[in-house]
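I opened my notebook to work through a structure and jot down what I looked up. Here are my entries, in the order I made them.

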Amino acid sequence: MKKYLKLYPHYLAMALKSKMIYRADWAIGLLGLVVSNLVTFATLYLSTLPVQSLGGWNLSHIMFLYGFLLIPMGIDHMLTDKLWNYGGGLINSGELDRILMKPVNPLFQMCAEYFQEGGLGEVILGITFMAIFGPQISLDWSFNVVFPIVIGAAFSPLIYFAIKLWTMSIAFYNRRSLSIMSGVYNIKEYGKYPASIYHTGNWVGEVVYNALLFVLPFGLVGYLPLAAQMFPGQDIPFLWFSIPSNNYLIMGVIVLVSVSQFALAYLFFSRAIRHYSSAGA
Amino acid sequence: MLRNPFKKYKGFVRGEFLNLFAFRTEIIGWVAQDIVTLLIMVFLWLSIYKENANNPINGFTYPEMIAYLVTASLSSQWINNGSTFRSVNDDITEGQISSWLIRPVSYRGKNFACTLGDCLGNFVLFFFPLATIALLIFTFGLGLPFPAWYNILFYLLSGFLAIVIIDSLDFLIAQLGFLTNSLFGIFIIKSAIFAFLSGSTIPYSFFPEWAQKVMPYLPFAGLSSTPVSILLGRFAVTDSLISIGLSSAWAVGLYLFSVYANHRMIKHVVAVGG
């Protein structure tokens, strides 16, 4: 572990240097994800505007949720975005030969070699949205609220990472997995709305709701901690039971789901990578 | 003897068309992804309309809204699937442009022909079967009227104009490849802005008042809002004709501009010695 902590700054410096060759690229990359998020935001805003609220969440709550989500999402983007290239053909072209030669964990190398500046844009945008819509909602800023939310948010990038990781690993069998990767990853769009809107009472809604909390837990990241703030004392439905809206309990659920998602994804990755056969270069 | 000037481009159309058939499994993945996105939308709008006691919002009832968004998403399958942006970008970064310049075809024309092949392939392979299913669902499941025959014709015409507009814009934007290496970033920005301004993510009637007045006159309206509104019978015949006229003007103007840009670009290539 210590070795990796020592290595990472070197990798990061290399990644940043190679990015800095073209200054304009840096700005465009940063802007790219910001613009696409602004457009999603505008769509979200305009579609909710006529009704003002969704499933008990009013416009400011939904927008605050969106800002909150962008932060873990952006952190994941910054650190692990290279996985897209591996799913999109780098495995096929034999890039892994170089990586497997080195006595460093292959996953570490695959991620650390690249820094996606767009993620930084997302984090900045997320903070901006929270700053704009935060004052419009009543939030309790005491330690027992903020601390568990921050800890939960610190673990939740693992969810995005895990889902990218196992879908990318399919490329070890299939050569390319970009369409599966982006198909599954795009389900994150569901998470941008409070998951309670899918909890409509019929079985389809029930399945979607729980899948978003546990199977592809994009809905977990922002919805759970904020639901507990917005509806204090109200139980949150969960599988076949419901849990009280206790901040520390919710933090525990998020940490548990994030870590177990990542552990499973990593297990699959380590199995799948054994399937890799060199291009023979 | 007069030779048909379009004949030499037929090979590009055919080549792209066949190429698409060869890679259909990969593309099925992308289509599946669009279907997932559509499902999100159905859920979302269901809850929005539930908040409003199922009353119409901004001129759309729930079935009309679903029909609009599904049609917009399916239409982009054949309208917005050209190869120009990617191939111009590749030609610039890999220096292939010079090899195109020594061939007896126009570089702009070759790119447009390839896009037509892509769009045709997507139309036959994906759009037609999916749209038929969707249309049956709209008519028998949601109880919406079946599109009039002339609206289907207008839709196809307006879809073709949309291809010309998008392809020309793509060609123009791809020129930025001379200035930056980060065309993926530009691609993301472009796709997001086009999707939003063309009215394919949300109809124009949800836009603020002032924007509603401006949008129909921009080239983006022709990309999605116009063809979809025509097909679903949201426009009277005269409105359809006016919108198609506007799209035609944009299509011709932008295509000519892209041809001009192509000439300028060639000079640039010579200047850097490629």
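**Entry: the nonpolar cores**

I began with the largest nonpolar core of this predicted model, which holds 126 residues. Which of its members touch the most others? I found A:L224 and B:I165 in that position. I then asked where the largest share of this core comes from. Helix α3 of chain A, residues 59-80, supplies that share with twelve residues.

Next I listed the neighbours of A:L224. Leaving out residues up to four places away in sequence, A:L224 touches A:I236, A:I250, A:V253 and A:I254. I also noted another core, lying apart from the largest one, with six residues. Among them are B:V88, B:I92, B:I97 and B:A174.

**Entry: α3(A) against α13(A)**

Since α3(A) had come up, I looked at how it packs on helix α13 of chain A, residues 218-230. Their axes come within 9 Å and cross at roughly 140°. Because of that angle, α3(A) is oblique to α13(A). I wrote down the hand of the crossing as right-handed.

Which residues meet here? From α3(A) I noted A:H61, A:L65, A:F68, A:L69 and A:P72. They face A:V221, A:G222, A:Y223, A:L226 and A:M230 in α13(A). I sorted this contact by class and got eight nonpolar residues, two polar ones and no charged ones.

**Entry: where the chains meet**

I moved on to the two chains together. How many residues of chain A are in contact with chain B? I read 32 residues of chain A against 32 residues of chain B. On the chain A side, the elements giving two or more residues are α2 (23-48), β1 (53-54) and α11 (178-185). The largest share of that side, 15 residues, belongs to α2(A). By class, the chain A side has 18 nonpolar, twelve polar and two charged residues.

**Entry: α2(A) against α8(B)**

With α2(A) in hand, I checked its packing on helix α8 of chain B, residues 183-197. The two axes are 8 Å apart, at an angle of about 20°. An angle under 35 degrees counts as roughly parallel, and α2(A) and α8(B) are therefore roughly parallel to each other. Their crossing is left-handed.

I copied out the contact next. On α2(A), it is made by A:I28, A:G29, A:L31, A:G32, A:L33, A:V35, A:S36, A:V39, A:A42 and A:T43. On α8(B), the residues are B:G185, B:I186, B:I188, B:I189, B:A192, B:I193, B:A195 and B:F196. These residues divide into 13 nonpolar, five polar and no charged.

**Entry: α6(B) against α7(B)**

Within chain B, I picked helix α6, residues 107-141, and helix α7, residues 149-174. At what angle do their axes cross? I found roughly 130°, with the axes coming within 11 Å. That angle is why α6(B) is oblique to α7(B). Here α6(B) passes α7(B) in a right-handed crossing.

The α6(B) side of the contact consists of B:R108, B:N111, B:F112, B:T115 and B:C119. On α7(B) I noted B:I163, B:D167 and B:F171. By class, this contact has four nonpolar, two polar and two charged residues.

**Entry: two positive phi values**

I turned to the backbone. Most residues other than glycine have a negative phi. A:Q52 has a positive phi, near 70°, and sits in the loop between α2 and β1 of chain A. I counted 11 other C-beta atoms within 10 Å of A:Q52, so it is exposed.

B:A53 also has a positive phi, near 55°. This residue is in the loop between α2 (24-51) and α3 (62-79) of chain B. Is B:A53 buried or exposed? With 7 other C-beta atoms within 10 Å, B:A53 is exposed.

**Entry: two exposed helix residues**

My last look was at a residue from each chain. A:Y248 lies in helix α14 of chain A, residues 247-273, and counts as exposed because it has 12 C-beta neighbours inside 10 Å. Its C-alpha atom is separated by 27 Å from that of A:G205, 43 residues apart along the chain.

B:H263 is in helix α11 of chain B, residues 237-272. With 12 C-beta neighbours inside 10 Å, B:H263 counts as exposed. I also noted that B:H263 and B:S224, 39 residues apart in sequence, are 30 Å apart in space, C-alpha to C-alpha.

Note on methods:
Residues numbered from 1 in each chain as written. Chains lettered and ligands numbered in written order. Predicted model: local features only at pLDDT ≥ 70, side-chain atom pairs only at ≥ 80, totals over all residues. Axes fitted to C-alpha atoms, helices over the stretch in contact; angles between N-to-C directions. Helix = DSSP H or I, 4+ residues; strand = E, 2+ residues; numbered from the N terminus. Parallel < 35°, antiparallel > 145°, perpendicular 65-115°, else oblique. Left-handed = near helix turned anticlockwise from the far one by under 90°. Contact = placed C-beta atoms within 7 Å. Nonpolar A, V, L, I, M, F, W, Y, C, P; charged D, E, K, R; others polar. Core = buried A, V, L, I, M, F, W, Y, C linked by C-beta atoms within 7 Å. Buried ≥ 20, exposed ≤ 12 C-beta atoms within 10 Å, placed from the backbone.
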